[in-house]
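Visitor: I would like to go through this model and ask, term by term, what justifies the words used for it.

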Amino acid sequence: MALAQAAPAAFTTNPTSPRRRPTSPSHSSAQASPPIRVKQSEAVVIMEVLLGITGKDFTLIAASKAAMRGATILKASDDKTRELNKHTLMAFSGEAGDTVQFAEYIQANVQLYSMRNGMELSPSATANFVRGELARALRSRRPYTVNLLLGGYDNIADKPTLYWIDYLASLAPVPYAAHGYAQYYCLSLLDKHHHPDIDFEQGMKILRMCTEELKRRLPIDFKGVIVKVITKDGVKELDYEDDVNVKVP
């Protein structure tokens, strides 16, 4: 009478247990490749405020004055904008070192182009140059943690322009835009009240609605905003009252 053979040791006889593959000498545990650990990128949460609004013949850029790190305000009169040429303005937010270094790098290169070629880069060309530099840095070991709004006035097309750029090198031409906490509270107001043919007074009225909503809803004091306008005559800083009391319902 033949005896029943025992099951191979590499397999389990318990039907409720998962079956294991037989171990081969050529695939020993010593030669197995270590598990790949993927570092998840942290969400970039910027507490600073950037706003951009285009109208019939102008582009408004507003940036909060508070330089913050976490919940701490380091400076109450920080200018987060750089004038790249006569008709292009860049506003930035993000990590303190990255923002200043990247903004000065872009400003110097745009001005160098104007000196070498005797002409200004258009806002569209400048936006694509900025996007290219962010994309190149993103694929290196030293990416920039910078979010940008680039506003300008295109003299050739005779119209205002605004570009939304983030730290992942995404670029989009938009009629209005926001970065930081302004995205949560102001985009709905801009959706409702903005249209392409607004004049300067209407644009300032919409901007006032946005800043009052930020004061009403934000638990932090962003120290008001610096407001600049770009028209066919160039870039100009505006007097903007920030000490107006806002009623909270």
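Visitor: In what order do the five strands of the open sheet come, and is their pairing parallel or antiparallel?

Guide: In this predicted model, the order of the open sheet is 10-1-2-11-12, and the strands pair in antiparallel fashion.

Visitor: What makes strand 10 and strand 12 the edge strands?

Guide: Strand 10 (176–180) and strand 12 (234–238) each pair on one side only.

Visitor: How do you know that strand 1 and strand 2 count as paired?

Guide: Pairing requires at least two bridges, and five bridges join strand 1 (residues 49–54) to strand 2 (residues 59–64), so the pair satisfies the criterion. Thr54 stands opposite Thr59 of strand 2.

Visitor: What is the basis for saying that the span of helix 2 is close to the expected one?

Guide: Helix 2 (residues 123–138) has 16 residues and reaches 22 Å from its first C-alpha to its last, and at 1.5 Å a residue the expected value is 22 Å.

Visitor: Why are Pro123 and Glu133 of helix 2 called buried?

Guide: Buried means under 20% relative accessible area, and Pro123 and Glu133 are among the residues of helix 2 that are buried, as are Val130 and Leu134. The cover over the buried residues of helix 2 includes helix 1 (96–117) and strand 7 (146–154).

Visitor: Which kinds of residue make up the contact of helix 3 with helix 4?

Guide: The axes of helix 3 (residues 182–193) and helix 4 (residues 200–217) come within 9 Å and cross at roughly 145°, and the residues of their contact divide into nine nonpolar, one polar and two charged.

Definitions and conventions:
Residues are numbered from 1 along each chain as its sequence is written. This is a predicted model: local features need pLDDT of at least 70, side-chain atom pairs count only at pLDDT 80 or more; totals for chains, interfaces and linings use all residues. Side-chain values use heavy atoms; hydrogens and water are left out. Helices (H or I, at least four residues) and strands (E, at least two) are DSSP runs, numbered from the N terminus. The expected span of a helix is 1.5 Å times one less than its number of residues. Buried means under 20% relative accessible area, exposed over 50%, partly exposed in between (1.4 Å probe, protein chains only). Contact means heavy atoms within 4.5 Å. Axes are lines fitted to C-alpha atoms, for helices over the stretch in contact, and angles run from 0 to 180 degrees between N-to-C directions. Ala, Val, Leu, Ile, Met, Phe, Trp, Tyr, Cys and Pro count as nonpolar, Asp, Glu, Lys and Arg as charged, and the others, Gly among them, as polar.
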